[in-house]
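Here is a short briefing on one protein chain. Keep the structure open while you read.

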Amino acid sequence: DAGKFVSGDFGALALFDATNTTVERRQWIMEQVKPIGARIMFLESICTDEELIHRNILTSKVGVKDYAGVDADEAVKDFRERISQYQKVYVSLSETDEKHLSWIKMVDG
């Protein structure tokens, strides 16, 4: 769908917000936008601060569609379990393996 947004003579920006946890997934994204000539920049956000993680979950997950009607504590517990699953397969962007990509890595920001 990014092709619908990235067109014209002026340039455009499309944000693809997703959990792209593996090298293979990021390669897939690159292949998807190749036909439209888009340039890609990945933003990797790593958070190790437990208090910040908790606040982020409360402000971005509790009360949204996925957790509508779910108790705040239960929503936090569920999302922490989701984070745990992501961590099992997570591969950080690498200067060695993915030096051909443009990316920004943000830690506890």
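At what angle do helix 2 and helix 3 pack, and how far apart are their axes? The angle is about 120 degrees, and the axes lie 10 Å apart. The model is predicted.

**Overall fold**
- The chain has three helices and two strands.
- Along the sequence, these elements follow the order α-β-α-α-β.
- Of the 109 residues in the chain, 17% are buried.
- Take the contacts between residues at least 6 apart in sequence: 59% of them join residues at least 24 apart.
- About 8,500 Å² of the chain is exposed, and carbon and sulfur atoms supply 52% of that area.

**Helix 2 against helix 3**
- Two packed helices are described by the angle between their axes and the distance between the axes.
- Helix 2 covers residues 50-60, and helix 3 covers residues 72-89.
- Their crossing is right-handed.
- Helix 2 brings E50, I53, H54, I57 and L58 to the contact.
- Helix 3 meets them with V76, F79, R80 and I83.
- By class, the residues of this contact are six nonpolar, one polar and two charged.

**The largest nonpolar core**
- Six residues make up this core: I53, I57, Y67, A75, V76 and F79.
- Helix 2 and helix 3 are the elements that give two or more residues to the core.
- Helix 3 supplies the largest share, with three residues.
- In soluble globular proteins, nonpolar side chains tend to be buried together.
- I53, I57, V76 and F79 are listed in the core, and these four also take part in the contact of helix 2 with helix 3.

**Y67, a core residue**
- Y67 belongs to the largest nonpolar core.
- Which residues does Y67 touch, not counting those up to four places away in sequence? They are K61, A75, D78, F79 and R82.
- Two of these partners, A75 and F79, are themselves in the core.

**T21, ahead of helix 1**
- T21 sits in the segment before helix 1, which spans 23-33.
- Is T21 buried or exposed? T21 is buried, because its relative accessible area is 11% and the cut-off for buried is under 20%.
- Leaving aside neighbours within four places in sequence, T21 contacts R26, Y86, V89, Y90 and V91.
- Among these partners, R26 falls within helix 1, while Y86 and V89 fall within helix 3.

Definitions and conventions
Residues are numbered from 1 along each chain as its sequence is written. This is a predicted model: local features need pLDDT of at least 70, side-chain atom pairs count only at pLDDT 80 or more; totals for chains, interfaces and linings use all residues. Side-chain values use heavy atoms; hydrogens and water are left out. Axes are lines fitted to C-alpha atoms, for helices over the stretch in contact, and angles run from 0 to 180 degrees between N-to-C directions. A crossing is left-handed if the near helix is turned anticlockwise from the far one by less than a right angle, and right-handed if clockwise. Contact means heavy atoms within 4.5 Å. Ala, Val, Leu, Ile, Met, Phe, Trp, Tyr, Cys and Pro count as nonpolar, Asp, Glu, Lys and Arg as charged, and the others, Gly among them, as polar. A nonpolar core is a set of buried Ala, Val, Leu, Ile, Met, Phe, Trp, Tyr and Cys residues joined through side-chain atoms within 4.5 Å. Buried means under 20% relative accessible area, exposed over 50%, partly exposed in between (1.4 Å probe, protein chains only). Accessible areas come from the Shrake-Rupley method with a 1.4 Å probe; for residues, only the protein chains shown count as cover.
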